[in-house]
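Please look over the sequence and the model shown here before reading on. The paragraphs below go through a metal site, a ligand site and a loop in turn.

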Amino acid sequence: MGSCLFCKIAAKEIPSQFIFEDGEALVFKDINPKAPTHVLVVPKKHIARLSASTDGDRALLGHLQRVAARVAESLGLDSFRLVTNNGVGAGQTVDHLHYHLMGGRAMQWPPG
Ligand code: AMP
Ligand code: ZN
């Protein structure tokens, strides 16, 4: 996906503040943080949104949650929120699957 922002970040064509990377996933700081800790957990594979994933992505989706848990621990977060916005109506602005990992402040429920 040549024009996709997060594909370009994964390809290092656009700089970002990396926190973690392995063969399938990357984690980098959100450019407009909404919490003291706000990073994005992203698959290197282009999947537009969670609803565009398939059963073939099951292992990858599980891996992303494990990456999120390990990064949260490494950042010293015992309480955190992991959320994905699926579609414009849910607030999705970048069409490449990503999970917001946020912590460091009290969270409201339900989210707006
Ligand atoms: P969403 O609105 O759920 O699609 O989330 C997209 C997130 O990507 C937002 O929180 C943006 O602040 C963040 N974002 C956009 N561009 C960049 C970038 N170049 N580097 C890091 N985060 C970004
Ligand atoms: Zn992409």
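Along the chain, the donors of the zinc ion (ligand 2) follow the spacing C-x2-C-x38-H-x49-H, where donors are N, O and S atoms within 2.8 Å of the metal (3.2 Å for Na, K and Ca), and where sites may look incomplete since water is not among the atoms. The model is a predicted one, in which local features need pLDDT of at least 70 and side-chain atom pairs count only at pLDDT 80 or more, whereas totals for chains, interfaces and linings use all residues. Residues are numbered from 1 along each chain as its sequence is written, chains are lettered from A and ligands numbered from 1 in the order in which they are written, and side-chain values use heavy atoms, with hydrogens and water left out.

The protein donors of this zinc ion are C4 (SG), C7 (SG), H46 (ND1) and H96 (ND1), which lie 2.0 to 2.3 Å from the metal. Because the 4 donor atoms subtend angles of 102 to 117° around the zinc ion, the arrangement is tetrahedral, a term that for four donors requires all angles to lie between 85 and 135 degrees. For comparison, the ideal angle for four tetrahedral donors is 109.5 degrees. Both C4 and C7 are buried, that is, under 20% relative accessible area with a 1.4 Å probe and protein chains only.

Turning to ligand 1, 16 residues surround this molecule, and the closest are D30, N85, G91, T93 and H100; a residue is counted here if one of its heavy atoms lies within 4 Å. A polar side-chain atom of N85 lies 2.8 Å from an oxygen atom of ligand 1, while backbone N or O atoms of T93 and V94 lie 2.7 Å and 3.0 Å, respectively, from an oxygen atom of the ligand. The protein covers 84% of the 500 Å² of accessible area that ligand 1 has on its own, areas being computed by the Shrake-Rupley method with a 1.4 Å probe.

The loop between β3 (37-43) and α2 (58-74) holds D57 and also S53; helices (H or I, at least four residues) and strands (E, at least two) are DSSP runs numbered from the N terminus. D57 counts as buried because its relative accessibility is 4%, and its side chain makes a polar contact with the side chain of K45 at 2.5 Å, such a contact being a pair of N or O atoms within 3.5 Å, where within protein one must be able to donate a hydrogen and the other to accept it, and residues adjacent in sequence count only if both atoms are side-chain atoms. Leaving aside neighbours within four places in sequence, D57 is in contact (heavy atoms within 4.5 Å) with K45 and I47, and S53, on the same basis, with I47 and L61. A polar atom of the S53 side chain also lies 2.6 Å from the backbone oxygen of L50.

Key:
Buried < 20%, exposed > 50% of the residue type's maximum accessible area, 1.4 Å probe, protein only. Tetrahedral: all angles 85-135°; square planar, octahedral: opposite > 155°, others 65-115°.
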